[in-house]
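Biologist: Please take a close look at the enclosed and open spaces within this protein, and at what surrounds them. I should be grateful for one connected account.

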Amino acid sequence: MIRRPPRSTPKPSSAASDVYKRQSLENASIFMPLKKQQIDWDGLGFEALPTRSMWKGECSTGEEWTDGDLVPYGDVNLSPAACVLNYGQGVFEGMKAYHTAKDRIVMFRPDKNSARMQKSTQRICIPTMNDEYFMKAVLSTVKDNIDYIPPYGKGTMYVRPISFGISKAISVQPASKYLFIVFTSPVGSYFKGDAKVLHLFLSDEFHRAAPKGIGNAKAIGNYSASLFPGMQAKSNGYNDMIYVHAKNEQIIEEMGAANLFAVSNGELLTPKLGGSILDGVTRDSVITIAKEILNLKVKEIDIEIERLLKAEEVFCCGTAVEVTCVGKISTKEKEYIIGNGDYGPKTLSIKKHLIQIQKEEIDDPFGWIHPI
């Protein structure tokens with residue numbers, strides 16, 4: 001049976017702040033039977049719903065992350081001169097917690113998110129946090145909001161660690177003080193209307209990131225660059241954009257918030273990592289499943305546009321989008337149907353194995369599951 005930490009109140013309130021300050025990992029291990037929140041689990045979309053609490057900690061340049069605790073979920077006060085507002089100095093992670101078939105709460109590969117957070121913060125000049133601090137913040141937040149995790153088969157809990165500069169900055173420079181927050185939200189499907197098969201637009205009109213830039217860091221600026229072209233694509237009936245490489249527009253890069261894969265001549269292909277492509281946790285998991293379970297030949301290479309459009313199967317992947325089939329790709333000139341326009345056998349098998357591991361429907365052969 002799933003169990004949860006004792007709570008003094010079922011919903012966020014300012015009166016609960018003293019309770020949050022007293023809570024620690026030690027008393028979080030004292031459990032009571034879990035009662036889920038009264039939420040329309042079947043109606044979940046992919047949006048931020050308020051939960052009970054969030055983690056909040058601060059750190060100054062030259063110091064280590066040691067400060068922090070659970071506080072009631074709520075807004076954050078910032079100076080109009082805050083570095084993040086003026087110069088976009090911030091990074092984040094995307095993680096999920098699952099109510100599994102074994103009737104327990106787990107997280108999926110949180111160690112990989114911790115490692116990537118460290119790389120991202122180094123690149124953006126934010127004090128780097130060690131694994132112990134990161135995991136304490138994440139696990140404390142998930143445990144305290146455990147009753148907001150959708151029941152098995154009804155969705156997941158999205159977990160968002162985010163760190164950014166909060167001290168004042170008028171001249172272009174890193175902040176001297178930083179905030180780290182972890183908040184959560186129960187979520188359903190990422191794509192509107194629970195899209196099962198995607199229709200993407202491929203264009204060289206916009207670039208998402210540049211080689212030797214910050215495309216390989218999970219920086220907030222990478223995502224703002226994809227907002228306008230992404231909205232244009234969606235307004236024209238597409239689900240999202242495929243971006244080409246900024247240095248060589250004849251090869252593909254990735255989507256605004258997902259990595260891309262193609263099956264060509266029976267091989268699984270994905271763009272090789274470089275200065276402009278994010279090292280996705282789901283991307284790494286897909287490659288491992290393909291190699292170790294399905295015995296597929298996997299190549300991390302430059303993929304030409306022509307090869308992508310002629311592929312037998314195409315799919316995108318990420319924590320939010322999971323593994324989602326691409327059935328059509330359009331350019332300004334033509335619409336291309338990929339394979340039979342639906343899930344191909346290799347995509348379907350990869351998706352199935354990944355989800356079954358995450359939901360503990362099959363044994364985890366890789367040690368990816370972290371029980372809460």
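Modeller: A cavity is a set of grid points where a 1.4 Å probe fits but cannot get out, whereas a pocket is an open set. The model under discussion is a predicted one.

The structure holds 1 cavity of 30 Å³ or more. The space in the largest cavity amounts to about 100 Å³. It is lined by 13 residues, and those closest to its centre are Y98, F108, T282, T319 and Q358. Strand 6 (95-99), helix 7 and helix 9 (345-358) each contribute at least two residues to this lining. Strand 6 gives the most, with 3 residues. Sorted by class, the lining of the largest cavity has 5 nonpolar, 6 polar and 2 charged residues.

The open space may be described in the same manner. The largest pocket contains about 800 Å³ of space. Of the 39 residues that line the largest pocket, R160, Y190, Y223, A257 and A320 are the closest to its centre. Several helices and strands each supply at least two residues of this lining, among them strand 8 (156-165), strand 9 (177-187), helix 5 (220-224) and strand 12 (252-255). Strand 16 (313-318) and helix 7 (281-292) do likewise. Helix 7 also supplies at least two residues of the lining of the largest cavity. By class, the lining of the largest pocket has 18 nonpolar, 13 polar and 8 charged residues.

Helix 6 (227-235), which also supplies at least two residues of the lining of the largest pocket, deserves separate attention. Its buried residues are P229, G230 and A233. Seen down the axis of helix 6, these buried residues fall within an arc of 100°, so they line one face of the helix. On the other side of helix 6, the exposed residues are L227, F228, M231 and S235. Strand 10 (197-203) and strand 11 (240-244) are included in what covers the buried residues of helix 6. Just after the end of this helix, G237 takes a positive phi of about 95°.

A further buried position is found in helix 4 (residues 131-144), where T141 lies. T141 has a relative accessible area of 0% and therefore counts as buried, since buried means under 20%. Leaving aside neighbours within four places in sequence, T141 is in contact with S53, M54, W55, L70, V182, F183 and T184.

Conventions: Residues are numbered from 1 along each chain as its sequence is written. This is a predicted model: local features need pLDDT of at least 70, side-chain atom pairs count only at pLDDT 80 or more; totals for chains, interfaces and linings use all residues. Side-chain values use heavy atoms; hydrogens and water are left out. On a 1 Å grid over the protein atoms alone, a cavity is a set of points where a 1.4 Å probe fits but cannot get out, and a pocket is an open set with protein on both sides within 12 Å along at least five of seven lines; lining residues have an atom within 4 Å of a point. Grid points are joined across faces, edges and corners, and a volume is the space filled by probe spheres set on the points. Helices (H or I, at least four residues) and strands (E, at least two) are DSSP runs, numbered from the N terminus. Ala, Val, Leu, Ile, Met, Phe, Trp, Tyr, Cys and Pro count as nonpolar, Asp, Glu, Lys and Arg as charged, and the others, Gly among them, as polar. Buried means under 20% relative accessible area, exposed over 50%, partly exposed in between (1.4 Å probe, protein chains only). Contact means heavy atoms within 4.5 Å. The arc is that of the directions from the helix axis to the C-beta atoms.
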